[in-house]
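Hello,

Here is the structure I said I would pass on. Please look through it first, and then read the notes below, which say what was found.

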Amino acid sequence: MTFRNFADIGLFAVLASMAAPLLAEGDPAAGKNKTSMCAGCHGISGFRSAYPETYHVPKLGGQNAGYIVAALRAYKAGERNHPTMKAIASSLTEQDMADLAAYYADAGK
């Protein structure tokens, strides 16, 4: 893991903690119905993608909801760079992001 990865993780942890009060109320049941676009990569334990470069795909189950929303917003805004995630995030509404985040945050419990 590079310094940039650690810096990104730190930045998004801070953003997630700041964004938590600004989150729309997520519905885990609605989020479960929206996971088909996520499961192909994030649903496979230890999965690595080779596009656009080889990287480890993070596990989403149990992740902090604020972090998930902050990451999705960053992909949508072009602040995080991954073509597939940018395309997926650009199609999501704020409610979609909140619902997905609520589902994945509960999935780790």
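**What was found**

A105 is buried, because its relative accessible area is 17% and buried means under 20%. This residue sits in helix α6. Leaving aside neighbours within four places in sequence, A105 is in contact with G62, Q63 and A65. For A65, the C-alpha atom is separated from that of A105 by 5.4 Å, although the two residues are 40 residues apart along the chain.

Please keep in mind that this is a predicted model.

Next, the chain as a whole. The protein chain has six helices and two strands. Along the sequence they follow the pattern α-α-α-β-β-α-α-α. Of its 109 residues, 32% count as buried. Among the contacts with a separation of 6 or more, 67% are between residues 24 or more positions apart.

Now the core. Which residues touch the most other members of the largest nonpolar core? They are I68, L72, L92, M97, L100 and Y104, out of 13 residues in that core. The elements that give two or more residues to this core are α4 (65–77), α5 (83–90) and α6 (94–107). L72 is worth following in the viewer: not counting residues up to four places away in sequence, L72 touches M85, A89, L92 and M97.

Two helix pairs come next, and α4 takes part in both.

The pair α4 and α6: the two axes come within 8 Å and cross at roughly 140°. An angle over 145 would count as roughly antiparallel, so at roughly 140° α4 and α6 are oblique to each other. Their crossing is right-handed. On the α4 side, the residues that meet α6 are A65, I68, V69, L72, R73 and K76. On the α6 side, they are E94, M97, A98, A101, Y104 and A105. By class, the residues of this contact divide into nine nonpolar, no polar and three charged. A65 and A105, the two residues described at the start, are both in this list.

The pair α4 and α5: how are these two helices placed relative to each other, roughly parallel or roughly perpendicular? They pack at an angle of about 100°, with their axes 8 Å apart. Angles from 65 to 115 count as roughly perpendicular, and α4 and α5 are therefore roughly perpendicular to each other. Here L72, Y75, K76 and A77 in α4 meet M85, K86, A89 and S90 in α5. This contact of α4 with α5 has five nonpolar, one polar and two charged residues. L72 and K76 meet α5, and L72 and K76 also meet α6.

The last residue to look at is G31. Its place is in helix α2 (residues 28–32). Is G31 buried or exposed? G31 is buried, because its relative accessible area is 0%, and buried means under 20%. Leaving aside its neighbours within four places in sequence, G31 is in contact with D99, L100 and Y103. L100 is also among the core residues that touch the most other members. From G31 to A98 it is 67 residues in sequence, while their C-alpha atoms are 7.9 Å apart in space. A98 is also one of the α6 residues that meet α4.

Regards

Key. Residues are numbered from 1 along each chain as its sequence is written. This is a predicted model: local features need pLDDT of at least 70, side-chain atom pairs count only at pLDDT 80 or more; totals for chains, interfaces and linings use all residues. Side-chain values use heavy atoms; hydrogens and water are left out. A nonpolar core is a set of buried Ala, Val, Leu, Ile, Met, Phe, Trp, Tyr and Cys residues joined through side-chain atoms within 4.5 Å. Buried means under 20% relative accessible area, exposed over 50%, partly exposed in between (1.4 Å probe, protein chains only). Helices (H or I, at least four residues) and strands (E, at least two) are DSSP runs, numbered from the N terminus. Contact means heavy atoms within 4.5 Å. Axes are lines fitted to C-alpha atoms, for helices over the stretch in contact, and angles run from 0 to 180 degrees between N-to-C directions. Angles under 35 degrees count as roughly parallel, over 145 as roughly antiparallel, 65 to 115 as roughly perpendicular and the rest as oblique. A crossing is left-handed if the near helix is turned anticlockwise from the far one by less than a right angle, and right-handed if clockwise. Ala, Val, Leu, Ile, Met, Phe, Trp, Tyr, Cys and Pro count as nonpolar, Asp, Glu, Lys and Arg as charged, and the others, Gly among them, as polar.
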